[in-house]
Amino acid sequence: ISQASVLIRQFVLALASTGCSSSTIRNYRSDINQFFVFANNFELDNTLVKPKLEQFVLNENQNGSSIATIKRKLSSLTQFSLWLEEVGAAPQGSYAW
């Protein structure tokens, strides 16, 4: 099991504990997993970085995703990144895109 997979699972559990709806949790999990699949890397180092996010956005746009969908996916990744910092899985400011 990869580092990202373990952390995504923990993030989903944290979301559930705060009362997030099942559809919100499903969207977060899907969006974050799609990014890591796109990046072809399930380790955090050198994956959640601005150049990869820009490539992901470009790819989503080329594949016909709406602006609203792309924004939702970026929001999911931002929330995941903030949670990583909050729980100490990443230093503060690591994901200042």
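In this predicted model, helix 2 (residues 22–39) and helix 3 (residues 50–62) have axes that come within 10 Å and cross at roughly 100°. With angles of 65 to 115 degrees counted as roughly perpendicular, the two helices are therefore roughly perpendicular to each other. On the helix 2 side, the contact is made by Gln34, Phe35, Phe38 and Ala39, which meet Lys52, Leu53, Gln55, Phe56, Asn59 and Glu60 of helix 3. Sorted by type, the residues of this contact come out as 5 nonpolar, 3 polar and 2 charged.

As for charge pairing, a search of the whole structure turns up 2 salt bridges. One of them joins the side chains of Asp31 and Arg72, at 2.7 Å from N to O. This pair links distant parts of the chain, with Asp31 sitting in helix 2 and Arg72 in helix 4 (residues 67–86), 41 residues apart. The two partners differ in how they face solvent: Asp31 is buried, at a relative accessible area of 0%, whereas Arg72 counts as partly exposed at 35%.

The other bridge brings together the side chains of Glu60 and Lys73, at 2.8 Å from N to O. Glu60 belongs to helix 3 and Lys73 to helix 4, so this pair ties together parts that are 13 residues apart in sequence. Here Glu60 is buried, with a relative accessible area of 8%, and Lys73 counts as buried too, at 5%. Glu60 also turns up among the helix 3 residues that meet helix 2.

Notes
Residues numbered from 1 in each chain as written. Predicted model: local features only at pLDDT ≥ 70, side-chain atom pairs only at ≥ 80, totals over all residues. Heavy atoms only, no water. Axes fitted to C-alpha atoms, helices over the stretch in contact; angles between N-to-C directions. Helix = DSSP H or I, 4+ residues; strand = E, 2+ residues; numbered from the N terminus. Parallel < 35°, antiparallel > 145°, perpendicular 65-115°, else oblique. Contact = heavy atoms within 4.5 Å. Nonpolar A, V, L, I, M, F, W, Y, C, P; charged D, E, K, R; others polar. Salt bridge = Lys/Arg side-chain N within 4 Å of Asp/Glu carboxyl O. Buried < 20%, exposed > 50% of the residue type's maximum accessible area, 1.4 Å probe, protein only.
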